[in-house]
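User: Could you take a close look at the empty space inside this protein and tell me what surrounds it? I work at the bench, so please explain the terms as you go.

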Amino acid sequence: MQLSTKAAALVLRTARVSGPVFRDDTAALTGLSISTVNRQVSALLKAGLIRERADLTPPGAVGRPRVPFEINTGDFLTVGIHIGYRTTSITTHDLQHRVVGAINIPTPQAATPEEVVTAIGASARRFADRWVGKRLLWGGVAMGGKVSGKGVVDHPRLGWEGVRVGELIAQALELPVSVASHVEAMAAAELVVNPAESSQNFLYFYAREMAGIAFSVDGTVHTPASGPPTIGHFPTGGTTLLDPRKTGRLEDAIGDSGVLEAAAAAGLDVDSLEALRHAARSGDAVAHDILIERAEVLGRTVALMSDIFNPDHVILGGQAFTDYPEALPAVSKALRATSVINNRDVRVARSAITVQQKAAGAVALDAIYADPLDALSHTA
């Protein structure tokens, strides 16, 4: 997943980011010649991916080049699916990457992984069919594990091996489908939200039920041939409340299930992270201490990863960071105490609580953003 340099993609991205925009301004922003911009604008208008705004034409202007254009957010939709360990989110997105509609369903329990994926695909199709009159262009699936050619997924946590996720979802949606590792998709979503930072590299660190990282360089999310880096087994160092079984592994300590296990071991009567956060905000010191310790472990791990990759920016994503902002100072303090770099730029992901939805949307839109006219030829 990357920010494409193809002419049609550059013009479409300019319409999305800067529209309504004039053709001469598009040429200046993209570095394309005005004749190339004119050809691409004509092709994208014919395809319907952009639309002209004659109502914004300057008074006295003559000719089509003085009619601004923008991305068409009214006629097309993509379908995004994020398959999580416990919950699956299904979303529809317009060409601006905005979420048009969203539902969450429990990740189905079935005899085989193929039955799970087929059930998710059927739910996604029923959801997408609510938008009568919209043209569905593409589907995108983001999930943990390793994604190989044609959307085949190995996901040890779910016990999946060689599952044809892309093919099964495509059959259900009757659309072309892209599949990507969810942390890499989250990093790609950050590029979609702010393509101006594509010249700099960043490390994306995700934590919720699972933890993972992705690295972006020059507008491209790096995808190792062997799959995304695995960090769930990383050592946490000493813990007091977290990891009551003393495994010493990161995901056992900071994953949602692990945090609830720690709460139960500490005698708290909570059955969800939401209940734990509510208890902490209501004055329960043990609940608060558990969430603070989670933040400290995450801060130390982020620092070590950052020192290895040495990125321009570090972006923190996932509900382990965003759902209890009271603990963010503890993340920052632990990071500064551990890292050898004193002035590293660390920020929370722009997508915040919708990170899984934005990730699925980035996968669903990737083919269209990369080569819009070719993508439409596959959906005719």
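Analyst:
**The enclosed space and its surroundings**

The largest cavity has a volume of about 170 Å³. This is a predicted model, where local features need pLDDT of at least 70, side-chain atom pairs need 80 or more, and totals for chains, interfaces and linings use all residues. Residues are numbered from 1 along each chain as its sequence is written, and side-chain values use heavy atoms, without hydrogens or water.

On a 1 Å grid over the protein atoms alone, a cavity is a set of points where a 1.4 Å probe fits but cannot get out; a pocket is an open set with protein on both sides within 12 Å along at least five of seven lines, and lining residues have an atom within 4 Å of a point. Volume is the space filled by probe spheres on points joined across faces, edges and corners. That rule gives 3 cavities of 30 Å³ or more.

Back to the largest cavity: 15 residues line it, and Gln2, Leu3, Val192, Asp366 and Tyr369 lie nearest its centre. Helices α1, α6 and α13 each give two or more residues to this lining (helices are DSSP runs of H or I, at least four residues; strands are runs of E, at least two; both are numbered from the N terminus). The lining of the largest cavity holds 10 nonpolar, 2 polar and 3 charged residues (Asp, Glu, Lys and Arg are charged; Ala, Val, Leu, Ile, Met, Phe, Trp, Tyr, Cys and Pro nonpolar; the others, Gly among them, polar).

Helix α1 deserves a moment of its own. It is mostly covered, with 9 of its 12 residues buried (under 20% relative accessible area with a 1.4 Å probe, protein chains only). Among the buried residues of α1 are Leu10, Val11 and Leu12, but also Arg13 and Arg16.

Next comes the second largest cavity, with about 60 Å³ of space. Its lining consists of Leu291, Arg294, Ala295, Ala320, Phe321, Tyr324, Ala327, Leu328 and Val331. At least two of these residues come from each of α10, α11 and α12 (328-338), and α10 has the largest share, 3 residues. Sorted by class, this lining has 8 nonpolar residues, no polar ones and 1 charged.

Phe321 then leads us into the packed interior. The largest nonpolar core (buried Ala, Val, Leu, Ile, Met, Phe, Trp, Tyr and Cys joined through side-chain atoms within 4.5 Å) has 39 residues, and Phe205, Ile254, Leu276 and Phe321 have the most contacts inside it. Helix α10 (residues 285-309) provides the largest share of this core, 10 residues. Setting aside neighbours within four places in sequence, Phe205 is in contact (heavy atoms within 4.5 Å) with residues including Ile231, Leu298, Val302, Met305 and Phe321.

Finally, the open spaces. The largest pocket offers about 640 Å³. Its lining has 27 residues, the closest to its centre being Arg86, Thr87, Arg208, Asp256 and Gln319. Elements that supply at least two lining residues each include β4 (87-93), α8 (256-265) and α11 (319-322). This pocket lining divides into 7 nonpolar, 12 polar and 8 charged residues.

The second largest pocket has about 400 Å³ of space. Of its 22 lining residues, Gly145, Met210, Pro229, Thr230 and Glu251 come closest to the centre. Two or more lining residues come from each of α6 (182-193) and β12 (211-217), and the largest share, 3 residues, belongs to β12. By class, the lining of the second largest pocket has 8 nonpolar, 11 polar and 3 charged residues.

Notes:
Buried means under 20% relative accessible area, exposed over 50%, partly exposed in between (1.4 Å probe, protein chains only).
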